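Trainee: Could you take me through one part of this structure closely? I'd like to hear about how the helices pack.

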Amino acid sequence: MLYALIAVGYTMVYGILKLINFAHGEIFMMSIFFTFYAITVAGMPWWLGMITGIAGGALLGMLVDKIAYKPLRNAPRISALITAIGVSMFIQSLAIVLFGGIPESFRGVYPDFFDKIFTIGGEVVEKRGREIVINAVRIPSITLITFVVTLITFLILWFILYKTKVGMAMRAVSMDTKAVALMGISVDRIIGLTFALGSALAAIGGILWVGKYPQVWPVIGFMPGLKAFVAAVIGGIGSVSGAVIGGLILGLIEIIAVGVMPQMAGYRDAFAFIILILLLSIKPSGIMGKRELVKV
Amino acid sequence: MKKTLSVKTQILLTVVFIALFGILLSSAEQNLNSYFIRIISLIGIFSIMAVSLTLVNGVSGMLSLGHAGFIAIGAYTSSLLTMTVQQKEASFILTGVAFPLNTEILSNMPFFWATLIGGIAAAIMAFAVGWPSMRLAGDYLAITTLGFAEIIRIILLNWSKITNGSLGLKGIPSYTNVWWSWGWLMITLIVIGSFVKSSYGRALRAIRDDPIAAKSMGINVFKHQLTSFVISGFFAGVSGSLYAHWLTSIDPKPTTLGISLTFNILIMIVLGGLGSLSGAVIGAGLFAVLSELLRVVESDITIFGLTIPGISGMRMLVFSALFIIMMIFWQKGIMGRNELTWNSLYKGFRKIGKRGVGVE
């Protein structure tokens with residue numbers, strides 16, 4: 001589910017710019033830090049901290065676009081790609097310089113109900129004077145929260161993309177940039193907004209992520225960022241619904257693979273890439289992707 | 001005056017240059033302290049990494065981010081071969097060494113052969129990776145290779161019986177000296193240089209500039225790209241072996257043999273100019289020197305009695321900022337796509353000479 005959330009951000013930027021935004025994972029990481037410091041240092045209530053994190057992530061995304069990618073709009077794609085890696089490394093080392101390289105614990109930052117565990121079914125047994133539940137399906141509340149928040153986010157996203165003018169402009173830019181510019185729409189502004197929206201999605205993903213794995217350090221964004229990209233490719237990059245499906249598939253495969261072969265748990269992170277390589281050799285355009293024809 | 005130099009003069013000049021350089025190196029080895037000698041060897045190693053990556057990224061125009069993976073394979077393979085049985089047993093405290101590696105045959109090997117085998121292992125991996133992923137264009141290739149390097153790292157981390165897991169290998173004999181690193185650099189330059197000059201290299205550049213046009217001219221895009229990928233992988237393995245025997249301890253952290261290393265090599269080749277072998281060497285040299293000089297920003301600086309505390313990680317920040325600025329404003333780098341050859345030098349001198357005459 002989380003992969004889906006981050007993957008959608010990836011796919012939106014790719015759809016418009018045809019650029020893999022390597023800095024996506026770093027925005028994910030930075031917004032976790034923003035949230036962390038907003039709550040612990042600035043003493044904000046948790047919900048305000050989260051909003052700060054999301055807003056910070058969105059702003060950072062726009063900033064990255066303005067500073068690093070905009071001058072390269074007309075450059076060859078490969079140089080934009082290399083720059084994206086540079087940006088990713090820059091933000092990462094900036095985080096190391098600012099926040100230090102030691103993992104910070106996120107426990108106790110969020111209110112208690114994030115850590116509760118719900119149980120479904122099962123039977124209540126008396127043991128040493130205390131009642132405990134056995135044979136139940138245990139669902140940590142963060143999983144439920146993630147599910148609900150992701151659904152709501154997707155609904156909002158769908159609304160923005162398909163029911164507002166900005167969304168229409170975004171979709172139009174991804175189809176034909178020049179024609180959109182001729183229609184009197186500021187392409188740069190739309191691209192900036194897309195970055196903001198995509199980064200906000202990454203930020204939401206990040207904030208939910210630390211609910212599940214309560215630790216934050218500057219390299220945290222690398223792996224989720226890469227896997228989200230894999231998810232986006234599995235679903236067919238550039239397609240929003242494809243990214244959702246890809247994210248779900250990737251998450252399921254990881255869990256099932258580790259469940260079936262527990263001794264391979266250490267290799268968990270490798271599965272995503274093996275799937276990616278397999279898929280790309282069979283169907284390079286992904287599940288929902290369109291085949292692109294290139295004319296000479 | 002002739003416009004170009006004859007082949008004979010060029011070869012003569014090259015031989016003289018190598019001889020002079022050798023004398024320079026040996027005098028450096030005798031007179032400078034060990035710190036500088038280590039840096040000089042490091043420049044050689046970095047140059048090999050940069051040149052081999054240039055072949056793929058610059059000359060063939062494929063963005064490969066898996067270089068660190070090949071370097072890691074070369075590093076682990078050769079280190080396991082050169083370490084003695086006792087060193088291995090001392091190193092593998094948790095799991096013990098798996099069978100074939102704890103025999104005398106596969107230990108304490110001469111450095112040259114170990115490096116060669118490390119290179120071949122990396123080349124085989126490059127072939128295995130290249131086969132499925134060379135069919136992909138630009139962005140996908142970048143991600144696949146990056147993912148592949150990450151898989152290698154994860155395997156190194158988890159396959160404890162062979163690689164000692166997260167502890168890494170320690171006590172690797174420190175064989176790498178100035179001669180090994182610059183000698184291998186020479187071999188690298190000769191092989192890759194002649195490869196780039198050959199019909200293969202021209203075909204690769206054609207593919208880089210327009211793959212579809214190249215295809216319609218009857219060039220087998222897949223075969224050419226795979227060949228360059230495998231050659232690049234081989235020399236990445238070699239450089240990995242040299243690097244391991246320079247560091248004397250390796251581990252599968254992202255900062256030692258992971259994405260950071262790939263990024264550093266990218267900085268080198270962008271600095272030197274994408275697509276130029278001599279540029280790659282210059283970029284590698286500059287990078288090694290700069291990263292030593294920039295140690296200043298990580299230590300405490302005192303200006304007018306005000307002490308600014310050094311922050312570790314600052315170097316990387318400076319480098320990545322420099323990198324982004326270069327990509328935006330000065331994409332050509334130092335050499336662009338030109339090569340530093342005797343002919344280009346000769347032309348440069350003639351130009352200066354003519355200008356001098358004009359002034360008079």
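Mentor: Here is a walk through the helix packing, with chain B taken before chain A.

A word on ground rules: this is a predicted model, where local features need pLDDT of at least 70, side-chain atom pairs count only at pLDDT 80 or more, and totals for chains, interfaces and linings use all residues. Residues are numbered from 1 along each chain as its sequence is written, while chains are lettered from A and ligands numbered from 1 in the order in which they are written.

Chain B has 17 helices and 4 strands; helices (H or I, at least four residues) and strands (E, at least two) are DSSP runs, numbered from the N terminus. Of its 360 residues, 44% are buried, where buried is 20 or more other C-beta atoms within 10 Å of a residue's own, exposed is 12 or fewer, and partly exposed is in between, with C-beta atoms placed from the backbone. Among chain B contacts with a separation of 6 or more, 80% link residues 24 or more positions apart; a contact has the two C-beta atoms, placed from the backbone, within 7 Å.

Start with helix 5 of chain B, residues 111-133. Its 23 residues should span 33 Å at 1.5 Å a residue, and the end C-alpha atoms agree at 32 Å apart (expected span is 1.5 Å times one less than the number of residues). Its buried residues include Gly118(B), Gly119(B), Ala122(B), Met125(B), Ala126(B) and Val129(B).

That helix 5 packs on helix 11 (residues 221-247) of chain B at about 140 degrees, with the axes 7 Å apart; axes are lines fitted to C-alpha atoms, for helices over the stretch in contact, and angles run from 0 to 180 degrees between N-to-C directions. That makes helix 5 of chain B oblique to helix 11 of chain B (under 35 degrees is roughly parallel, over 145 roughly antiparallel, 65 to 115 roughly perpendicular, the rest oblique). Helix 5 of chain B passes helix 11 of chain B in a right-handed crossing; left-handed has the near helix turned anticlockwise from the far one by less than a right angle, right-handed clockwise. Their contact has 17 nonpolar, 10 polar and no charged residues, counting Ala, Val, Leu, Ile, Met, Phe, Trp, Tyr, Cys and Pro as nonpolar, Asp, Glu, Lys and Arg as charged, and the others, Gly among them, as polar.

Now try helix 2 (residues 34-59) and helix 8 (residues 178-197) of chain B, whose axes come within 8 Å and cross at roughly 20 degrees. So helix 2 of chain B is roughly parallel to helix 8 of chain B, and helix 2 of chain B passes helix 8 of chain B in a left-handed crossing. Residues in this contact include Ile37(B), Gly44(B) and Leu55(B) from helix 2 of chain B, and Trp182(B), Trp184(B) and Ile192(B) from helix 8 of chain B. By class, that contact has 14 nonpolar, 6 polar and no charged residues.

Over in chain A, the axes of helix 2 (residues 24-40) and helix 4 (residues 77-99) come within 9 Å and cross at roughly 20 degrees. That makes helix 2 of chain A roughly parallel to helix 4 of chain A, and their crossing is left-handed. Helix 2 of chain A brings Gly25(A), Glu26(A), Met29(A), Met30(A) and Phe33(A), and helix 4 of chain A brings Ser88(A), Ile91(A), Gln92(A), Ala95(A) and Phe99(A). Sorted by class, the contact of helix 2 of chain A with helix 4 of chain A has 6 nonpolar, 3 polar and 1 charged residues.
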